[in-house]
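Got your viewer open? Let's take a walk through this model, one selection at a time.

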Amino acid sequence: MTLLKKDNPMSPEHVFKQQRELLEELNGIVSEGQNPDTLDIDLLSSTEILTKINNEDHKVAGAVKQVIPQISEAVDHVVDAFQQGGRLIYIGAGTSGRLGILDAVECAPTYSVSDQQVLGIIAGGDTAVKKAVEGAEDSTTLAVEDLKNVNLTSKDVVVGIAASGRTPYVCSAIEYAKSLGCVTVGVTCNPDSAVMRLPKIGICPVVGAEAVTGSTRMKSGTAQKLVLNMLSTASMIRTGKVYKNLMVDVNASNEKLHARAIRIVMQATECTQQQAVDALKQAEQSAKLAILIVLTGKPAPEAKQLLSKAGGFLRKAVEE
């Protein structure tokens, strides 16, 4: 939104003009449209309301399928970044920012990566995770400050997330990241938007108008969650964190995850529970190493060397 410098920011004329420009902008955003299939949703029973919502949700996976080529391109860049010591950094406001944080925080326990390898940044900081911070999403300077605070470098991949595709905070983050030479990615549900035009890669599953007009935490949020799941999961698989379809690098940080590690070793090797427990003990609770010990019969030090030689890829280590 471009504002004329001669306008007084406090004048009624300026406020009215600003509101009019924003209304015109919202009118052109796909996710802000009024859904003709749910115009009667306020008259329906609970079951009928849920059926309407579910009908809309069915459209999401198909929309995401259409943008797999763009997601794949982004994954390739994330894998390259990881190999060079770079990071995957999500940045967004409101629901979009929370979804980025949700995806980021799950990577460390699931794949035993550093909690700094995948980061989630939200406009307004930690407070905004639970409560809206007024004005944060409209700040362009705050986005730059937040990226500077995590010591952004050209090795990192920055993913700006905004359902509408217009959030000033996210657009500013993408522009700043580009100025440093970062690979930039935009995730939005509005094809004709800045978050599609500004980054190197634009990812836009077009899910259409929401069941409740403008409630982009619904289909748009679901689409964004699916895209982020795919970005991080595929990148982890490509960097050797999965064997077959098992989370062999899971960090057994609690009883549930310790039991899961035992189960993973048993599933990967068809060994007994006791054999899995013994192998995990030898492997200092590394499921990946324990699997290699069971499958090759090698002692832990030799198995560790073999795994290192394979670059951490368990399948490659097993085949060798």
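Before you click anything, here is how the elements get their names: helices (H or I, at least four residues) and strands (E, at least two) are DSSP runs, numbered from the N terminus. By that naming, L226 has its place in helix α9, residues 219-238. This is a predicted model, in which local features need pLDDT of at least 70 and side-chain atom pairs count only at pLDDT 80 or more, while totals for chains, interfaces and linings use all residues. Residues are numbered from 1 along each chain as its sequence is written, and side-chain values use heavy atoms, with hydrogens and water left out.

**Stop 1: the whole chain**

Show everything as a cartoon. You should find 14 helices and 5 strands. The C-alpha atoms fill a box of roughly 80 × 50 × 35 Å along the principal axes. Of the 320 residues, 47% count as buried. Here, buried means under 20% relative accessible area, exposed means over 50%, and partly exposed is in between (1.4 Å probe, protein chains only).

**Stop 2: the sheet**

Now select the strands. They make an open sheet of 5 strands in the order β2-β1-β3-β4-β5, with parallel pairing. Which strands stand at the edges? They are β2 (118-122) and β5 (201-203): each has a single partner strand, so one side of each is left without a neighbour in the sheet. Look along the sheet for its twist: neighbouring strands are turned by 20° against each other on average, direction ignored. That angle is taken between axes, which are lines fitted to C-alpha atoms (for helices over the stretch in contact), and angles run from 0 to 180 degrees between N-to-C directions.

Strands of a sheet pair through backbone hydrogen bonds, either parallel or antiparallel. For this tour, two strands pair if DSSP finds at least two bridges between them. Zoom in on β1 (residues 88-92) and β3 (residues 157-161), a parallel pair with 5 bridges. Pick L88, and you'll find its bridge partner V157 in β3. On to β1 and β2, which pair in the parallel sense over 5 bridges; there, G92 has I122 as its bridge partner in β2. Then try β3 and β4, also parallel over 5 bridges, where V159 is matched with V185 in β4.

**Stop 3: the two faces of a strand**

In a regular strand the side chains alternate between the two faces of the sheet. Stay with β4 (residues 183-187) and show its side chains. V183, V185 and V187 point one way, T184 and G186 the other way, and all are buried. With 5 of its 5 residues buried, β4 is largely enclosed by the rest of the structure. Now do the same for β1: L88, Y90 and G92 are on one side, I89 and I91 on the other, and all are buried.

**Stop 4: salt bridges**

Side chains of opposite charge can pair when their charged atoms come close. We call it a salt bridge when a side-chain nitrogen of Lys or Arg is within 4 Å of a carboxyl oxygen of Asp or Glu. How many are there by this rule? The count comes to 9 salt bridges.

Select K59 and E56, whose side chains meet at 3.1 Å, N to O. Both lie in helix α2 (residues 46-65), 3 residues apart, about one turn of the helix. Is E56 buried or exposed? E56 is buried, with a relative accessible area of 3%, and K59 is partly exposed at 37%. The two also belong to a network of salt bridges that links D37, E56, K59 and K219.

Next, select D76 and R238, with their closest N and O atoms 2.9 Å apart. This pair links distant parts of the chain: D76 is in helix α3 (residues 68-83) and R238 in helix α9, 162 residues apart. D76 is partly exposed at 34%, as is R238 at 41%. Then try D249 and K241, which meet at 3.5 Å, N to O; both are buried.

**Stop 5: the cysteines**

A disulfide is a pair of cysteine sulfur atoms within 2.5 Å, and by this rule the count comes to 0. Select C204: the nearest cysteine sulfur, that of C189, is 6.2 Å away. C204 counts as buried at 9% relative accessibility, and C271 does too at 10%.
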